[in-house]
Each structure stands twice: as structure tokens, then as C-alpha cells.
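Reader: Hey, I've got this one open on my screen. Can you walk me through it?

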Amino acid sequence: MIEQLPATALRDWLDDTQRAAPLIVDVREPAEHAICALADALLIPMQQIPARVKELPQDRDIVLYCHHGMRSYQVAEFLASAGFERLFNLDGGIAAWAEEVRSEEHTSELQSPMYLVCRLLLEKK
């Protein structure tokens with residue numbers, strides 16, 4: 001089963017030192033990843049997943065994400081059909097993370113330059 005994981009729930013999970021951290025996989029293209037990415041995310045573009053599926057552990061929680069959550073959900077479905085069970089799709093993708101999590105961290109008008117660049121580039125797409 002693929003669980004839709006809200007951005008704030010992923011933030012809480014990553015902050016919880018009592019819980020094992022998931023493997024975070026970015027299924028976007030390298031150019032997208034270079035613009036804005038979650039810390040420590042493994043980049044495996046969607047088109048490369050079938051050839052690289054053996055790099056992914058089946059005994060660990062895997063959180064997949066893309067820009068808005070559609071490509072990552074398709075990858076999750078593919079992985080589920082390949083026998084993976086501990087799959088989570090970041091609901092709303094990196095755009096939701098930027099909006100719901102990063103915006104909470106930067107409540108002043110003086111926001112970090114990386115956050116602003118990330119938001120501007122995500123809004124253009």
C-alpha cells in the first residue's frame with residue numbers, strides 16, 4: 001500500500017529521533033533537483049527507476065517525491081508491483097514542502113535566499 005504523506009508529517013518524522021529515518025528518493029530530473037531538494041535525498045530520475053530498482057532496500061521505509069507528487073506516485077506504484085511494501089508518496093511534492101514546511105521555518109520578511117529561489121522557480125512551473 002502506498003501512503004500519501006503530508007509534508008508536515010514528513011517533517012515531524014525526520015525530527016523524531018526515536019523513529020528510523022526513511023530513505024528519501026527524488027524522482028525528478030537532475031536539473032530540477034539542483035534547483036531545490038530535500039536534504040540527503042537520493043536522486044533517481046523516474047526514467048531510471050526500472051534499471052536501478054535493486055539499489056533500493058525493501059526492508060526500509062521509502063519516501064518518494066517529485067515536483068507535485070504525480071511522478072513519485074507512479075514510481076511508488078511501480079515499486080509496489082515489484083514487491084516493495086514500505087512506500088510513502090510526499091503529498092504535493094517538493095512544492096508542498098516549500099509551502100507548508102519551509103514557509104513555517106521562515107516567517108519573517110527576511111527569508112533565506114535558497115528558500116526564495118526555490119519558491120520562485122517552483123512557482124514558474
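Author: Sure. One term before we get to the helix packing: an axis here is a line fitted to C-alpha atoms, for helices over the stretch in contact, and angles run from 0 to 180 degrees between N-to-C directions. Also, keep in mind that this is a predicted model.

Reader: OK, so which strands does helix α1 lie across?

Author: Helix α1, residues 7–15, lies across β1, β2, β4 (62–65) and β5 (87–90). Its angle to β1 is about 95 degrees.

Reader: And the overall layout, how many helices and strands?

Author: The protein has six helices and five strands. Going along the sequence, the pattern is β-α-β-α-β-α-β-α-β-α-α.

Reader: What order do the strands take in the sheet?

Author: It's an open sheet ordered β1-β5-β4-β2-β3, with parallel pairing. At the edges sit β1 (2–5) and β3, each pairing on one side only. In general, strands of a sheet pair through backbone hydrogen bonds.

Reader: What does β3 pair with?

Author: Strand β2, residues 23–26, through two bridges in the parallel sense. L42 of β3 is the bridge partner of V25.

Reader: Is L42 buried or exposed?

Author: In between: L42 has a relative accessible area of 27%, and buried would need under 20%, so L42 counts as partly exposed.

Reader: What does L42 touch?

Author: Leaving out residues up to four places away in sequence, L42 touches L23, I24, V25, D26 and L56.

Reader: Switching topic: how many salt bridges are there?

Author: A search of the whole structure turns up five. One of them joins D26 and R28, with the closest N and O atoms 2.7 Å apart. Both of those residues are buried.

Reader: What about R71, which residue does it form a salt bridge with?

Author: R71 pairs with E32, and their closest N and O atoms are 2.9 Å apart. That pair links distant parts of the chain, since R71 is in helix α4 (residues 70–81) and E32 is in helix α2 (residues 30–35), 39 residues apart.

Reader: Why does E32 count as buried?

Author: Because its relative accessibility is 12%, and the cut-off for buried is under 20%. R71 is partly exposed, at 24%.

Reader: Last one: what share of the protein's residues is buried?

Author: Of its 125 residues, 42% count as buried. The protein exposes about 7100 Å², and carbon and sulfur atoms supply 54% of that.

Definitions and conventions: Residues are numbered from 1 along each chain as its sequence is written. This is a predicted model: local features need pLDDT of at least 70, side-chain atom pairs count only at pLDDT 80 or more; totals for chains, interfaces and linings use all residues. Side-chain values use heavy atoms; hydrogens and water are left out. Helices (H or I, at least four residues) and strands (E, at least two) are DSSP runs, numbered from the N terminus. Buried means under 20% relative accessible area, exposed over 50%, partly exposed in between (1.4 Å probe, protein chains only). Accessible areas come from the Shrake-Rupley method with a 1.4 Å probe; for residues, only the protein chains shown count as cover. Contact means heavy atoms within 4.5 Å. Two strands pair if DSSP finds at least two bridges between them. A salt bridge is a side-chain nitrogen of Lys or Arg within 4 Å of a carboxyl oxygen of Asp or Glu.
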